[in-house]
Amino acid sequence: MQSLTFTRPDDWHLHLRDGAALAAVLPDTARRFARAIVMPNLKPPVTTVASAAAYRRRILAALPAGLSFEPLMTLYLTDETSPEEIAAASRSGFVHGVKLYPAGATTNSAAGVTDLGKCRMALARMEALGLPLLVHGEATDPAVDIFDREAVFIERVAIPLLKDFPALRLVFEHITTDHAVQFVMAAGENVAATITAHHLLLNRNAIFQGGIRPHLYCLPVLKREAHRLALVAAATSGNPKFFLGTDSAPHAKSAKESGCGCAGCYTAHAGIELYAQVFDAAAALDRLEGFASHYGADFYRLARNSGKITLVRESWVPPATVPFLGADPLVPLPAGESIAWRLQP
Ligand code: NCD
Ligand code: ZN
């Protein structure tokens with residue numbers, strides 16, 4: 001197959017940041033994806049419907065003329081989120097989920113949830129209204145090995161949560177392990193998962209290949225090869241519980257190449273092409289459209305897109321850096337390595 005035309009995809013997990021950073025990265029996403037679930041981990045976080053509305057307006061204002069893109073907003077769950085705010089979010093028409101960051105789990109998660117017990121009223125309202133909870137599924141207990149945090153989160157948090165709120169609609173974000181694949185497959189239809197391109201392409205050896213590679217550091221951290229293979233199997237299986245979420249998470253080069261570098265990989269510049277590479281390698285290109293363009297919309301109870309995109313089999317090398325914050329660029333993944341599929345403009 002030399003070219004592939006299919007329904008325009010959506011990105012069900014994306015970091016757009018704000019201000020100059022937002023303006024720098026938004027076109028990469030909007031050229032490829034019709035919509036994206038926009039993460040609320042700004043500083044300060046997007047915790048109210050009013051702040052989500054304002055952030056949505058800033059995103060639309062930053063969109064270059066000629067590109068169409070719909071930001072699907074989320075709220076950042078805190079110990080204080082009220083059931084009234086949840087109800088208002090559900091009514092708003094533009095808030096499509098509520099993000100659970102266990103406090104301390106990842107970038108800008110300090111204001112996150114310290115104890116899910118404090119969120120029972122909010123969770124009950126989400127369950128009643130069908131508003132999805134999007135989870136960063138990592139245990140925050142510092143005693144837990146970083147490679148085990150997803151599995152421990154499932155045992156300690158996700159299973160009890162679904163026992164208490166069995167009809168809660170839940171998206172397990174950026175899954176990285178076979179444990180998460182099994183958990184999602186065994187759960188009811190109310191539970192789904194997003195998978196990033198980088199977790200499908202790389203295992204944890206890549207972080208240390210020939211030296212430490214800060215641009216491959218993200219959270220949850222890359223896992224061993226057996227887990228990568230489980231993710232590829234899930235993504236290419238045609239099971240509608242698994243759909244595309246890039247988790248493209250831009251950080252300036254200086255913040256990544258540092259004594260304490262930030263977590264996050266930038267992939268929006270090749271946000272659909274990298275997945276095409278994975279599906280091609282798995283001889284499953286015929287299943288890319290479901291994963292990228294159908295299943296997420298179905299889970300979120302939104303119409304599938306009507307537009308199309310075309311990818312051609314044509315090798316290209318992404319730039320080593322992408323302009324970001326003035327003199328401080330960002331380094332996209334995989335910098336300097338070729339990608340086998342190209343988006344037709
Ligand atoms: C994300 C970010 O930078 O906001 N980082 C990451 O490594 N994925 C936060 C997140 O999604 O965990
Ligand atoms: Zn993320």
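Helices and strands here are DSSP runs, numbered from the N terminus. A loop name such as "between β1 and β2" uses that numbering. One more point before you click: this is a predicted model.

**Stop 1: D10**

Select D10. It sits in the loop between β1 (3-7) and β2. Is D10 buried or exposed? D10 is buried, because its relative accessible area is 0% and buried means under 20%.

Now show the side chains around D10. Which side chains make polar contacts with the side chain of D10? One is R35, at 2.8 Å. Another is N305, also joined by a polar contact of 2.8 Å. Widen the selection to residues that D10 touches, skipping those up to four places away in sequence. Among them are F33, A34, L244, A292, S293 and A297.

**Stop 2: the zinc ion**

Select the zinc ion, ligand 2. Which protein atoms are its donors? They are NE2 of H13, NE2 of H15 and OD of D247. These protein donors lie 2.0 to 2.1 Å from the zinc ion. Along the chain, the donors follow the spacing H-x1-H-x231-D.

Look at where two of these donors come from. H15 is in the loop between β2 (11-14) and α1 (19-32). D247 is in the loop between β9 (242-244) and α9 (253-256). The pair is 232 residues apart and links distant parts of the chain.

Check the geometry next. The site has 4 donor atoms, with angles of 91 to 141 degrees among them. It counts as irregular, because four tetrahedral donors would need all angles between 85 and 135 degrees.

Both residues of the pair are buried. For H15 the reason is a relative accessible area of 7%. D247 counts as buried because its relative accessibility is 5%.

**Stop 3: ligand 1**

Select ligand 1 and show its surroundings. How many residues surround ligand 1? There are 15, and the closest are N41, T106, L219, D247 and H251. You have met D247 already, as a donor of the zinc ion.

Turn on distances to the oxygen atoms of ligand 1. An N or O atom in the side chain of H15 is 3.0 Å from one oxygen atom. For N41, a polar side-chain atom lies 2.8 Å from an oxygen atom of ligand 1. For T106, the distance from an N or O atom of the side chain to an oxygen atom of the ligand is 2.7 Å.

**Stop 4: the nonpolar cores**

In soluble globular proteins, nonpolar side chains tend to be buried together. Here the largest nonpolar core has 97 residues. Which members touch the most other members? Select L16 and F172.

Stay on F172. Leaving aside its neighbours within four places in sequence, F172 is in contact with residues including V135, F153, I154, F183, V184 and A192. A second, separate core has 14 residues, including W12, Y76, Y101 and Y295.

**Stop 5: L200 and helix α10**

Select L200 in helix α7 (residues 197-201). L200 counts as buried because its relative accessibility is 1%. Now add T176. The two are 24 residues apart in sequence, yet 8.6 Å apart in space, C-alpha to C-alpha.

Beyond residues up to four places away in sequence, L200 touches I195, R228, L231, V232, A235, Y275 and V278. Follow Y275 and V278 into helix α10 (residues 273-281), where both are buried. E273, L274, A276 and F279 are buried in α10 too. End just after α10, at A283, which takes a positive phi of about 55 degrees.

Note on methods: Residues are numbered from 1 along each chain as its sequence is written. Chains are lettered from A and ligands numbered from 1 in the order in which they are written. This is a predicted model: local features need pLDDT of at least 70, side-chain atom pairs count only at pLDDT 80 or more; totals for chains, interfaces and linings use all residues. Side-chain values use heavy atoms; hydrogens and water are left out. Buried means under 20% relative accessible area, exposed over 50%, partly exposed in between (1.4 Å probe, protein chains only). Helices (H or I, at least four residues) and strands (E, at least two) are DSSP runs, numbered from the N terminus. Contact means heavy atoms within 4.5 Å. A nonpolar core is a set of buried Ala, Val, Leu, Ile, Met, Phe, Trp, Tyr and Cys residues joined through side-chain atoms within 4.5 Å. Donors are N, O and S atoms within 2.8 Å of the metal (3.2 Å for Na, K and Ca); water is not among the atoms, so sites may look incomplete. Four donors count as tetrahedral if all angles lie between 85 and 135 degrees; four count as square planar and six as octahedral if opposite donors are over 155 degrees apart and all others between 65 and 115; anything else is irregular. A polar contact is a pair of N or O atoms within 3.5 Å; within protein, one must be able to donate a hydrogen and the other to accept it, and residues adjacent in sequence count only if both atoms are side-chain atoms. A residue is near a molecule or strand if one of its heavy atoms lies within 4 Å of it.
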